Amino acid sequence: MNCKARTACPPTLDYKTEVARNSAQKADLLAKTFATASSNINLTPEFSKRKNDFDPEKEKFKPKGGELVGQSALNVPFSLREYVKVKSAKKDGAPGPDRVKYSMLKNLPDSATKVVTDLYNLSWWTIEIRRPWRTATVFRLSKIGKPPKATESYRPISLTSTLCKTLETLVNDRLKYCLESNQLLDKNQSGFCRGRSTYDHIARLQNAMMTSSRGGSYLCVIFVDLSKAFDLVWTEGLLYKLSLVGIHGNMYNCSKSFVSDRLIRVTIGNRLSKETG
């Protein structure tokens with residue numbers, strides 16, 4: 001739409017000492033590069049030691065905690081009403097590997113809608129998020145000003161199953177309600193909170209700047225950018241923190257299944273890489 005041609009994949013791709021020439025080799029090499037972003041080799045020695053010290057003890061940390069507000073409704077089966085509300089709010093985008101779009105889910109007859117709800121509850125009770133739902137098809141997007149032959153010059157765009165993303169929303173809505181009702185989130189957090197926006201912090205910053213300026217004082221501001229913040233999330237530590245605040249049962253186990261054994265397959269042309277985690 002901007003009259004700019006889509007960047008074609010170069011004749012060869014390089015990653016360290018490896019060179020890929022055909023589409024299959026390029027897909028595998030990009031998959032390896034993208035997977036490395038979440039590797040432990042990116043961790044600092046101090047954090048690696050902390051993880052190693054924690055892992056042998058993690059079996060001792062079982063979900064625990066007192067009764068929370070909304071706890072009784074946290075682990076019950078999903079209702080048909082919940083599912084219909086969530087799917088109605090979804091907007092069509094690029095589908096995942098199963099090619100199922102949100103519009104398909106919205107236009108299912110009532111009998112099929114109930115079947116999908118039953119499928120979600122089956123996953124909810126058996127604590128098993130199906131492997132195809134935890135596998136993403138990844139497309140590459142070239143970074144501006146980067147050498148096209150280097151695999152690090154491409155940003156991954158992941159497409160997952162809309163069925164799985166709808167289930168994620170069902171789980172996430174319940175979890176957010178529980179966390180917010182029990183005031184377990186920091187009062188200064190704006191992202192991922194109902195009725196709040198990251199623009200709130202911009203407004204706070206502007207107000208602080210104007211107040212300092214009028215008062216003839218200085219304002220010191222520190223911005224922190226965490227490298228690979230999402231790529232390097234420590235899943236065991238995250239689950240441990242969930243257990244500490246009292247999240248247990250289906251919500252805890254399903255969350256654990258969501259973040260475990262995630263896989264990607266990179267596509268170039270009509271070629272798919274091997275599954276990589």
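Good morning. I shall begin at helix H9, which is followed by Gly 246, a residue with a positive phi near 100°. Please bear in mind throughout that the model on the screen is predicted.

Let me stay with helix H9, which covers residues 235-244. Which residues of H9 are buried? They are Gly 237, Leu 239, Leu 242 and Ser 243. The elements that cover these buried positions include helix H7, residues 162-181, and helix H10, residues 249-258.

The packing of H9 against H10 can be described further. Their axes lie 11 Å apart, at an angle of about 170°. Angles over 145 degrees count as roughly antiparallel, and H9 and H10 are therefore roughly antiparallel to each other. On the H9 side, Leu 239, Leu 242 and Ser 243 take part, and they meet Tyr 252, Ser 255 and Lys 256 of H10. By character, the residues of this contact comprise three nonpolar, two polar and one charged.

Beyond H10 there is a backbone detail to note. Asp 261 sits in the loop between H10 and strand E5, residues 263-268. Its phi is near 55°, which is a positive value in a residue other than glycine. Is Asp 261 buried or exposed? Asp 261 has a relative accessible area of 61%, and because the threshold for exposed is over 50%, Asp 261 counts as exposed.

A word on annotation. An unreviewed UniProt entry places the feature "domain: Reverse transcriptase" at residues 148-250. In this model, that span is 48% helix and 6% strand, and its end C-alpha atoms are 45 Å apart.

I turn now to another helix pair, H4 and H6. Helix H4 comprises residues 80-88 and helix H6 residues 110-126; they pack at an angle of about 105°, with 10 Å between their axes. That angle makes H4 roughly perpendicular to H6. From H4, the contact draws on Leu 80, Tyr 83, Val 84 and Lys 87, while H6 contributes Thr 113, Lys 114, Val 116, Thr 117 and Tyr 120. Five of the contact residues are nonpolar, two are polar and two are charged.

Next, the aromatic residues. How many aromatic pairs does the structure hold? There are four, and I shall describe two. In one, Phe 78 and Trp 124 form a tilted pair, 4.8 Å centre to centre, with 50° between the planes. This pair links distant parts of the chain: Phe 78 lies in the loop between helix H3 (71-74) and H4, Trp 124 lies in helix H6, and 46 residues separate them. Both Phe 78 and Trp 124 are buried.

In the other, Tyr 120 and Trp 133 form an edge-to-face pair, 6.1 Å centre to centre and with 65° between the planes. Here Tyr 120 belongs to helix H6, whereas Trp 133 is in the loop between H6 and strand E3 (135-142), 13 residues apart. Why do both count as buried? The cut-off for buried is under 20% relative accessible area; Tyr 120 has 1% and Trp 133 has 7%, so each is buried. Tyr 83 joins Tyr 120 and Trp 133 in one aromatic cluster. Tyr 83 and Tyr 120 also appear in the contact of H4 with H6.

Finally, the loop between H6 and E3 also holds Ile 127. Ile 127 is not a glycine, yet its phi is positive, at about 55°. With a relative accessible area of 25%, Ile 127 is partly exposed. Thank you for your attention.

Conventions:
Residues are numbered from 1 along each chain as its sequence is written. This is a predicted model: local features need pLDDT of at least 70, side-chain atom pairs count only at pLDDT 80 or more; totals for chains, interfaces and linings use all residues. Side-chain values use heavy atoms; hydrogens and water are left out. Buried means under 20% relative accessible area, exposed over 50%, partly exposed in between (1.4 Å probe, protein chains only). Helices (H or I, at least four residues) and strands (E, at least two) are DSSP runs, numbered from the N terminus. Contact means heavy atoms within 4.5 Å. UniProt positions are given in the numbering used here, feature names are shortened, and annotations may be inferred rather than shown by experiment. Axes are lines fitted to C-alpha atoms, for helices over the stretch in contact, and angles run from 0 to 180 degrees between N-to-C directions. Angles under 35 degrees count as roughly parallel, over 145 as roughly antiparallel, 65 to 115 as roughly perpendicular and the rest as oblique. Ala, Val, Leu, Ile, Met, Phe, Trp, Tyr, Cys and Pro count as nonpolar, Asp, Glu, Lys and Arg as charged, and the others, Gly among them, as polar. Rings of Phe, Tyr and Trp (its six-membered ring) pair if their centres lie within 6.5 Å; planes under 30 degrees apart count as stacked, over 60 as edge-to-face and the rest as tilted.
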